[in-house]
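Open the model in your viewer and keep the selection panel at hand. The stops below say what to select next and what is there.

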Amino acid sequence: MNTINLSNCEHTIELLNVNMQESSLEEVDASESTLNQVNFSESKLEKVKFDKSEFDGVSCQEANMVSINLFNTTLTRSNLHNLKISSCNYEGMTIEGIEVFKLLQAYQKQNSAV
């Protein structure tokens with residue numbers, strides 16, 4: 001496998017049918033880029049900005065997401081089977097139009113009365 005080092009440069013790059021396994025990308029501005037049929041399995045994404053991005057057909061099975069900012073994000077037609085959410089800010093969050101924060105408050109109140 002060959003190594004290509006690009007540092008402090010500005011390029012538009014089109015990569016087709018490329019194996020970038022075990023690659024490292026640091027301080028990269030890929031805004032307005034398109035990624036199609038990309039395998040990020042077992043990758044680590046840190047300090048990545050996806051603001052105003054669109055995800056379609058994305059698989060995050062068995063992913064661990066910590067300190068994720070999903071402010072004003074919408075999930076539609078998504079598989080949330082066995083999704084676990086904990087220690088998060090639920091204020092303003094709705095599921096099928098139902099306010100989750102209020103649901104949790106009612107559930108906690110009911111359980112504390114028992």
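Start by selecting Q37. Q37 is exposed because its relative accessible area is 79%, where exposed means over 50%, buried under 20% and partly exposed in between, with a 1.4 Å probe and protein chains only. Now check the backbone of Q37: phi is positive, about 55 degrees, although Q37 is not a glycine. Q37 lies in the segment before strand 1. Strands here are DSSP runs of E with at least two residues, helices are runs of H or I with at least four, and both are numbered from the N terminus.

A word on the ground rules. This is a predicted model, in which local features need pLDDT of at least 70, side-chain atom pairs count only at pLDDT 80 or more, and totals for chains, interfaces and linings use all residues. Residues are numbered from 1 along each chain as its sequence is written, and side-chain values use heavy atoms, with hydrogens and water left out.

**Next: N17**

Select N17. This residue also belongs to the segment before strand 1. Its phi is near 55 degrees, a positive value in a residue other than glycine. Is N17 buried or exposed? N17 counts as exposed, because its relative accessibility is 86%.

**Zoom out: the whole chain**

Colour by secondary structure. The chain has one helix and two strands. Read along the sequence, the pattern is β-β-α. The radius of gyration is 20 Å, well over the 13 Å that the globule rule gives for 114 residues, so the chain is more spread out than a compact globule. That radius is taken over C-alpha atoms, and the rule is 2.2 Å times the number of residues to the power 0.38.

Turn the C-alpha trace along its principal axes. The trace spans about 65 × 25 × 25 Å. Switch on a surface. How many of the 114 residues, in percent, count as buried? The figure is 2%. The accessible surface comes to about 13000 Å², and 47% of that belongs to carbon and sulfur atoms. These areas come from the Shrake-Rupley method with a 1.4 Å probe, and for residues only the protein chains shown count as cover.

**Next: F50 and F55**

Select both rings. A search of the whole structure finds one aromatic pair. F50 and F55 form this pair, edge-to-face, at 5.1 Å centre to centre and 75 degrees between the planes. Rings of Phe, Tyr and Trp (its six-membered ring) pair if their centres lie within 6.5 Å; planes under 30 degrees apart are stacked, over 60 edge-to-face, and the rest tilted.

Stay on F50. It sits in the segment before strand 1 (94-95). F50 counts as partly exposed because its relative accessibility is 39%. Leaving aside residues up to four places away in sequence, F50 touches L45 and F55, where contact means heavy atoms within 4.5 Å. Add L70 and draw a distance: the C-alpha atoms of F50 and L70 are separated by 9.9 Å, with their positions 20 residues apart along the chain.

**Next: the charged pairs**

Side chains of opposite charge can pair when their charged atoms come close. How many salt bridges does the count come to? The count is three, taking a side-chain nitrogen of Lys or Arg within 4 Å of a carboxyl oxygen of Asp or Glu.

- Select K44 and E46. The closest N and O atoms of this salt bridge are 3.6 Å apart. E46 is exposed, and so is K44.
- Select K49 and D51. Their side chains meet in a salt bridge at 3.9 Å, N to O. K49 counts as exposed at 67% relative accessibility. D51 is exposed too, with a relative accessible area of 56%.
- Select E99 and K102. This salt bridge has an N to O distance of 3.7 Å. E99 counts as partly exposed at 39% relative accessibility, whereas K102 is exposed, with a relative accessible area of 52%.

**Last stop: the cysteines**

Show the sulfur atoms. The structure holds zero disulfides, a disulfide being a pair of cysteine sulfur atoms within 2.5 Å. Select C88 and C60. C88 is in no disulfide, and the nearest cysteine sulfur, that of C60, is 15 Å away. C88 counts as partly exposed because its relative accessibility is 41%. Finish on C9. At 41% relative accessibility, C9 counts as partly exposed.
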